[in-house]
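Here is a short walk through one protein model. It starts at a strand and ends at a pocket.

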Amino acid sequence: MALGEKYAKTLKSGDVVLLEGEMGAGKTVFCKGIARGLGIFDEILSPTYAYMNEYDGKLYHFDCYRLKSGAQAEALGLCDYFYSGGVCVIEWAQNIADVLPENCKRVVIEKISGGRKIIYE
């Protein structure tokens with residue numbers, strides 16, 4: 001979470017961040033840190049069943065795990081948020097790769113032995 005909070009200081013309005021990592025790697029925890037770094041202290045929950053959670057118009061947290069295509073994201077109106085002026089953080093973005101804006105930022109979180117994680121952009 002501390003790394004996400006620090007990372008948030010590098011973000012600006014309109015940035016789209018793709019979080020990559022296997023299930024349980026810590027993507028949502030990293031997003032919680034981003035929220036805190038953006039001054040959002042609401043409870044940040046995984047949007048697995050809602051597809052996207054909005055926080056104060058500053059942060060849009062997506063979970064595209066259950067989507068099969070960019071067309072589905074468009075049909076749900078999710079793509080509109082990419083241009084709303086907030087920071088978009090997207091888990092499982094590879095499922096909607098064909099509709100992502102150019103110049104997305106990418107953060108990869110990998111689990112390694114001993115339960116530690118490596119995070120890099």
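**From strand to pocket**

Start with strand β1, residues 16-20. This strand is mostly covered, with four of its five residues buried. The model is predicted, and every value here is computed from it.

β1 has two partners to look at. One is strand β4, residues 87-91; the two pair in the parallel sense over four bridges. Within that pairing, Leu19 has Glu91 of β4 as its bridge partner. The other is strand β5, residues 105-111, which also pairs with β1 in the parallel sense, over four bridges. Here Val17 is matched with Lys105 of β5.

Keep Glu91 in view. Its side chain makes a polar contact of 2.9 Å with the side chain of Thr28. Thr28 belongs to helix α2, which covers residues 27-37.

Is Thr28 buried or exposed? Thr28 counts as buried because its relative accessible area is 18%, and the cut-off for buried is under 20%. What does Thr28 touch beyond its neighbours within four places in sequence? Its contacts there are Leu45, Ser46, His61 and Glu91.

Thr28 and Glu91 also lead to the largest pocket. Both are among the lining residues nearest its centre, together with Met23, Gly24 and Lys27. The full lining has 13 residues. Helix α2 gives the most to this lining, with three residues. By type, the lining divides into five nonpolar, five polar and three charged residues. The space in this pocket is about 200 Å³.

Key: Residues are numbered from 1 along each chain as its sequence is written. This is a predicted model: local features need pLDDT of at least 70, side-chain atom pairs count only at pLDDT 80 or more; totals for chains, interfaces and linings use all residues. Side-chain values use heavy atoms; hydrogens and water are left out. Buried means under 20% relative accessible area, exposed over 50%, partly exposed in between (1.4 Å probe, protein chains only). Two strands pair if DSSP finds at least two bridges between them. A polar contact is a pair of N or O atoms within 3.5 Å; within protein, one must be able to donate a hydrogen and the other to accept it, and residues adjacent in sequence count only if both atoms are side-chain atoms. Contact means heavy atoms within 4.5 Å. On a 1 Å grid over the protein atoms alone, a cavity is a set of points where a 1.4 Å probe fits but cannot get out, and a pocket is an open set with protein on both sides within 12 Å along at least five of seven lines; lining residues have an atom within 4 Å of a point. Grid points are joined across faces, edges and corners, and a volume is the space filled by probe spheres set on the points. Ala, Val, Leu, Ile, Met, Phe, Trp, Tyr, Cys and Pro count as nonpolar, Asp, Glu, Lys and Arg as charged, and the others, Gly among them, as polar.
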